Protein chains: 2
Amino acid sequence: MVEIRKPIAVSEAVRRALADVEPLGAEKVALSESDGRVLAEDVRADHDEPPFDRSPYDGFALRAEDTAGSGPAELKVIEEIAAGDVGRKRIGAAEAARIMTGAPIPEGADAVVMMEQVEEAKRGDGEPYILVPDTYRAGDNISRQGEDTAKGTVQVERGTPVTPGVKAVLATFGYAEVEVARRPVVGIFATGTELLDVDEEIVAGKIRNSNAYTLVSQVHQTGAKARYYGILKDDFDLCYEAVRNALEEVDVLVTTGGASVGDYDYLQEIFRKLDADICFNKVAMRPGSVTTVAKWQGKTLFALSGNPAACFVGFELFTRPVLKTMLGAARPYLKKTEAVLGRDFPKANPFTRFTRAKVDFQAGKLHAKPIGLDKSNAVTPLAHANALIVLPGGTEGYERDSIVNVLLLNGEDTQWTVN
Amino acid sequence: MVEIRKPIAVSEAVRRALADVEPLGAEKVALSESDGRVLAEDVRADHDEPPFDRSPYDGFALRAEDTAGSGPAELKVIEEIAAGDVGRKRIGAAEAARIMTGAPIPEGADAVVMMEQVEEAKRGDGEPYILVPDTYRAGDNISRQGEDTAKGTVQVERGTPVTPGVKAVLATFGYAEVEVARRPVVGIFATGTELLDVDEEIVAGKIRNSNAYTLVSQVHQTGAKARYYGILKDDFDLCYEAVRNALEEVDVLVTTGGASVGDYDYLQEIFRKLDADICFNKVAMRPGSVTTVAKWQGKTLFALSGNPAACFVGFELFTRPVLKTMLGAARPYLKKTEAVLGRDFPKANPFTRFTRAKVDFQAGKLHAKPIGLDKSNAVTPLAHANALIVLPGGTEGYERDSIVNVLLLNGEDTQWTVN
């Protein structure tokens with residue numbers, strides 16, 4: 001019996017998949033373990049930056065008024081302040097302190113002159129002094145306490161992934177530990193009697209399971225944890241038990257295969273037996289129109305297609321934003337922008353197409369070339385794609401040099417602002 | 001004594017840093033451990049793809065000639081071939097086999113008709129049959145063995161990082177293990193008596209060490225391993241011993257700080273005592289002009305500035321391509337492209353500037369806005385930058401809307417093709 005499924009629009013499908021999905025909550029990790037995690041707290045300055053008035057150069061701290069006269073000022077060098085040190089003496093009239101970059105301005109001084117701008121010498125009695133030819137004003141060459149950052153202000157907002165630059169801010173402001181979003185655990189099943197494992201020889205009728213490995217990587221890329229449960233043979237009771245047990249251990253479940261329009265659509269049946277709410281079971285898109293998403297006890301269940309391109313696209317469109325939202329990411333979607341279409345795309349289709357593509361810059365403008373167009377079952381184009389071209393359904397194809405929307409793959413959402 | 005250093009051009013500095021740097025060699029890892037590693041072997045198809053003639057749809061396999069007559073063809077359904085199965089019977093005249101997506105075409109059949117295109121029924125004797133209204137030609141709806149991929153051909157080239165899509169190809173072609181580049185070990189030191197650890201309270205004259213944490217993340221981002229040795233106080237013998245010992249354990253050494261033009265430039269002295277070859281000790285760039293790179297017993301040593309922006313930029317320009325080359329990456333540099341400058345940049349400088357910036361797409365075109373321009377010591381702009389604007393040195397500034405070169409940060413070199 002072939003069930004009639006009613007396709008819904010992609011945007012509506014995304015909306016339903018994301019319904020009631022919330023950040024999982026936070027946990028503390030050591031700063032050194034925070035790479036790639038998503039901040040679950042705003043990062044605030046625990047001190048002014050700079051934390052004290054300091055010298056931006058190697059030079060001499062002095063009183064500006066001493067340089068106001070005609071001719072070079074002759075100043076006695078009364079001490080030397082290394083980085084990490086503090087001056088022990090007050091700078092008086094006609095005095096200066098040798099000061100290193102980053103060292104605090106000593107009491108009494110109100111300007112710094114760069115080392116290259118003075119002449120250093122020693123008096124007859126061995127006392128060091130400097131000749132300062134130019135005139136300075138109070139405040140010259142002093143980095144003022146708090147001029148960059150005021151204590152207590154937010155430096156990086158929650159929802160931001162920890163990049164090297166974010167880590168710099170965390171370290172600067174004393175975050176030896178940082179609150180990051182807990183990582184959801186994603187259970188993965190491949191289904192289908194036709195599947196061989198990667199170390200098995202190809203035999204007639206069988207193909208190797210590649211989708212599960214790809215899904216594990218896609219899950220890792222979002223920052224979530226993947227738990228791969230292996231290949232399920234086409235046996236309803238076996239599948240049901242395996243899925244039911246896995247649901248005790250995971251926050252999200254993703255299956256690939258077993259969701260054809262033919263006789264063997266176990267997954268939807270399993271979801272029904274679980275009494276899950278089916279959000280949708282068909283989407284007006286190619287590839288991946290036969291995709292089922294369901295909710296069960298607050299968990300989101302994805303039955304993705306067994307077709308490699310469809311499985312990949314289904315994950316990126318539906319699963320990724322759910323995981324990213326659970327991870328507290330401010331921007332859960334793939335980065336979307338416009339690009340110049342690199343070749344004709346003659347095939348019309350009533351459904352919206354998501355075409356694997358390679359994008360690149362040409363003079364700062366994004367160009368997108370579809371790859372593997374006539375090979376929807378082939379996996380190799382997935383290795384070379386760094387974007388999906390979005391071609392809305394209609395009765396006509398698209399011409400080369402048209403402006404199209406593209407979704408950038410491989411984690412660009414952590415690196416670009418969403419407009 | 002202030003040493004006079006001769007600045008060299010950035011491109012020349014990169015060339016010298018990369019001199020004699022070669023891929024480290026390969027190791028085998030399990031497919032499941034290969035995320036983000038760089039392929040050290042070409043990935044070849046171990047079988048044709050598809051591996052056998054198969055059905056792209058759920059439908060019926062039949063002999064095209066049987067559909068040639070006038071009126072619907074009536075064909076007896078003699079068996080059912082599930083995915084993963086092979087047909088056991090030969091399709092004879094007026095016969096068909098029910099066939100699932102991906103199943104092999106049975107002997108005798110030369111076309112497939114989609115399930116939706118036929119009428120299924122049962123004869124009086126209970127035998128299933130189908131009515132096929134349309135006419136088919138031999139080859140219709142058959143995915144031919146090898147039509148996507150011929151056995152033995154290269155699918156993904158060495159030097160490519162393992163993305164989810166690359167993993168799909170590895171799994172498909174039986175790579176239970178894969179040869180990837182060995183990961184260089186990068187030793188990291190922070191130097192400076194002024195440095196506090198992240199868990200220490202700020203006191204006068206001191207600042208927290210942030211560069212070491214940032215460097216560890218930057219190293220991780222390249223795919224190399226980081227080993228952080230802690231903070232070195234400004235004591236020559238102590239520093240020398242620590243560096244000398246670390247060099248026994250690492251492939252590359254990176255230090256930050258201790259390389260000022262002032263009195264306390266230990267790093268270059270240490271490199272000299274090691275009898276290392278100094279490649280350069282000053283680069284015509286801002287920030288980070290005081291950067292030293294040296295070679296010692298086949299290892300590359302980087303003495304980066306203690307200024308956070310300078311340390312960050314020095315790593316991205318010099319250390320990254322060295323590590324990426326050791327990792328066998330085909331594209332070791334940051335992705336470079338053009339962008340529209342988002343604001344005036346009035347300051348002229350004889351040296352080339354690398355300005356922290358935020359880039360974003362506007363209608364498919366890249367726009368770059370400098371951030372933290374007047375805060376070269378501040379770390380917070382690093383958290384918000386996703387690119388460096390390259391402004392060649394000269395006597396004039398740059399105007400808003402000029403076209404400038406940008407280097408994209410955060411690993412985009414693994415995701416975009418270099419022109």
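This text walks through the contact between two chains and then turns to the cysteines.

The model is predicted, so local features need pLDDT of at least 70 and side-chain atom pairs count only at pLDDT 80 or more, while totals for chains, interfaces and linings use all residues. Residues are numbered from 1 along each chain as its sequence is written, chains are lettered from A in the order in which they are written, and side-chain values use heavy atoms, without hydrogens and water.

Chain A and chain B each bring 91 residues to the contact, where contact means heavy atoms within 4.5 Å. About 7600 Å² is buried between the two chains, and carbon and sulfur atoms give 57% of that area. Buried area is the accessible area (1.4 Å probe) that two parts lose on being put together, summed over both.

Between chain A and chain B there are 4 salt bridges. A salt bridge is a side-chain nitrogen of Lys or Arg within 4 Å of a carboxyl oxygen of Asp or Glu. One of them joins the side chains of Arg208(A) and Asp46(B), at 2.8 Å from N to O.

Over all chains, the structure has 0 disulfides, a disulfide being a pair of cysteine sulfur atoms within 2.5 Å. Cys279(A) cannot form one because the closest cysteine sulfur, in Cys311(A), is 18 Å away, too far for a bond. In chain B, Cys279(B) is in no disulfide, and the nearest cysteine sulfur, that of Cys311(B), lies 18 Å away. Cys279(A) counts as buried at 12% relative accessibility, and Cys279(B) counts as buried at 13%; buried means under 20% relative accessible area (1.4 Å probe, protein chains only).

How values were computed
Buried means under 20% relative accessible area, exposed over 50%, partly exposed in between (1.4 Å probe, protein chains only).
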